Amino acid sequence: MAMAIPIPSRQLFINGEWREPVLKKRIPIVNPTTEEIVGDIPAATAEDVELAVDAARQALSRNKGKDWSSASGAFRAKYLRAIAAKITERKSELANLETIDCGKPLEEAVWDIDDVAGCFEYYADLAEGLDAKQKAPVSLPLENFKSYVLKEPIGVVGLITPWNYPLLMATWKVAPALAAGCAAILKPSELASVTCLELAEVCREVGLPPGVLNIVTGLGPEAGAPLIAFTGSNATGSRIMAAAAPMVKPVSLELGGKSPIIVFEDVDLDKAVEWTIFGCFWTNGQICSATSRLLVHESIAAEFLERMVKWIKNIKISDPLEEGCRLGPVVSRGQYEKVLKFISNAKSEGATILCGGARPEHLKKGFFVEPTVITDIATSMQIWREEVFGPVLCVKAFSTEDEAIELANDTRYGLGAAVISKDLERCDRVSKAFQAGIVWINCSQPCFSQAPWGGKKHSGFGRELGEWGLDNYLSVKQVTQYVSDEPWGWYKSPSKL
């Protein structure tokens, strides 16, 4: 078992230095595995957010922007690569802190930190690529004009990130924002801010220009809401849009889901079972894109479920620092109670708990929920319609491809969707029919910095990652020039009269 390491005590990171919050408040950090308080984080309020926004504004205008916003992409890429190198150097410590803070299995946390470094590297490449794309010519129908396009940073950005992949989700926003030349204020979730504060230390060590990235931790209403108000970046999503609307500020939202996975009758059972459980139970089930609605062909349903229960009984549920752990606790007591309430509601609505549904018997403390499979589902049930954000899979059988697609799309969400079948033409048809921003064929959940990520319907709009992720932080400027030696000649010249 890996040793738990002490959590560093940090302050807010504003203008390149550590600053105590104006009101000197702190928030305890609860380890979800032991339920013990293992440290604390600074609690910012509107006063601190204002200082951070000022620092970001100054960073953009310093030396007429030459220090950051109007510097070359290659200049900024050096910093992004330096950050990636430091993250890699501190990988085992950062992964350990991530696991203590949010409860994900250590081997997953290590994977996350690798992805963090990879994402900074990827956006360093894109920042360099931006230089060659500046002044991209626009072809015009008139010879006497020429036109080109400049891409400029949109300015100061407020970045509010969740707790399920604390450092990785922050990086998905921070890396492209910095690559574009923006200055940012990052507000991580109060349930998991530890590794984001370590990112601040990394930025300090690599000498990132002061104010380019500011990191303020604290509660949503006290630190998140003022950030939206200062920078104008579903319930939270519509609140953010409403706050941004009076200032006509753009927002990009990714708001979760209730994603389907369709398993046809021609599959290799074990392979299909493993992807199905990975798609729902990875990250302790706390994934916005979890394929938490299984649609399985009626001819294999009984055998599939029987095989799946055997696989699930084999999942190692333990302290997430233990070697081989594959399921840790959910992030907090609040989350734990919410997941158990979802399960008891499903029971009272008449569904069957096929396996799981409670805390594992061998673990007396910690916010652990067994991987749970729920059958005998009616599509009107809460468990079928609402996002649980925990290790809970609900199952329905189908008879035809059309019925499977109809059931898959019967949701207000549209983030991810998966199809498993050996018939690749069928996979192709189903992929086109899915109303979702992300489709997986013969797998579930792989995610790459190079590919666009985001949803439709109630899962939000806008795309992160890939070139799309960089575009979120760039403003496009058209520059058109009159190049003829001839006068324009629209009005009569006084000299000719």
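Glu201 is buried, at 9% relative accessibility. This comes from a predicted model. The side chain of Glu201 meets that of Arg204 in a salt bridge, 3.0 Å from N to O. Arg204 is partly exposed, at 42% relative accessibility. Both residues sit in helix 6 (residues 194-206), three residues apart, so about one helical turn separates them. The pair also belongs to a network of salt bridges that links Arg10, Arg90, Glu93, Glu198, Glu201 and Arg204.

**Salt bridges**

The whole structure holds 32 salt bridges. Side chains of opposite charge can pair when their charged atoms come close. Three of the pairs are set out here.

| Pair | N to O distance | Relative accessibility |
|---|---|---|
| Arg204 and Glu201 | 3.0 Å | Arg204 42%, Glu201 9% |
| Lys133 and Glu467 | 3.1 Å | Lys133 41%, Glu467 36% |
| Arg426 and Glu265 | 3.8 Å | Arg426 10%, Glu265 35% |

Lys133 is partly exposed. Glu467 is partly exposed too. In the third pair, Arg426 is buried, whereas Glu265 is partly exposed. What does the salt bridge between Arg426 and Glu265 tie together? Arg426 lies in helix 14 (residues 424-433) and Glu265 in the loop between strand 11 and helix 9, so the pair ties together parts that are 161 residues apart in sequence.

**The sheet**

Seven strands make up an open sheet with mixed pairing. Their order is 13-14-15-12-11-16-17. Strand 13 (352-355) and strand 17 (438-441) are the edge strands, each pairing on one side only. From one strand to the next, the twist averages 25°.

Helix 9 (residues 269-281) packs on this sheet. The helix touches strand 11, strand 12 (293-297), strand 14 (372-375), strand 15 (392-398) and strand 16. The directions of helix 9 and strand 15 make an angle of about 135°.

Strand 14 pairs with strand 13 in the antiparallel sense, over three bridges. Ile353 is the bridge partner of Ile374 there. Strand 14 and strand 15 run parallel, again with three bridges. In that pairing, Thr372 partners Val392. Are the faces of strand 14 covered or open? Both are covered: Thr372 and Ile374 are buried on one side, Val373 and Thr375 on the other.

Strand 11 (residues 260-263) and strand 16 (residues 416-420) are parallel and joined by three bridges. One of the partnerships is Val263 with Ile420.

**A buried acid**

Asp319 lies in the loop between helix 10 (301-313) and helix 11 (333-348). Asp319 is buried but forms no salt bridge. Which side chain of opposite charge is nearest to Asp319? That is Lys365, 7.6 Å away. The cut-off for a salt bridge is 4 Å, so this distance does not qualify. The Asp319 side chain does reach the backbone nitrogen of Leu321, at 2.8 Å. Beyond its neighbours within four places in sequence, Asp319 is in contact with Met1, Thr33, Cys325 and Phe368.

**Positive phi**

Most residues other than glycine have a negative phi. Asn284 has a positive phi of about 55°. This residue lies in the loop between helix 9 and strand 12. Asn284 is buried, with a relative accessible area of 1%. Lys457 also has a positive phi, near 50°. Lys457 is in the loop between strand 17 and strand 18 (460-461). Lys457 is partly exposed, with a relative accessible area of 37%.

Technical notes
Residues numbered from 1 in each chain as written. Predicted model: local features only at pLDDT ≥ 70, side-chain atom pairs only at ≥ 80, totals over all residues. Heavy atoms only, no water. Pairing = 2+ DSSP bridges. Helix = DSSP H or I, 4+ residues; strand = E, 2+ residues; numbered from the N terminus. Axes fitted to C-alpha atoms, helices over the stretch in contact; angles between N-to-C directions. Contact = heavy atoms within 4.5 Å. Buried < 20%, exposed > 50% of the residue type's maximum accessible area, 1.4 Å probe, protein only. Lys, Arg positive; Asp, Glu negative; His and termini not counted. Polar contact = N/O pair within 3.5 Å; in protein donor to acceptor, adjacent residues only side chain to side chain.
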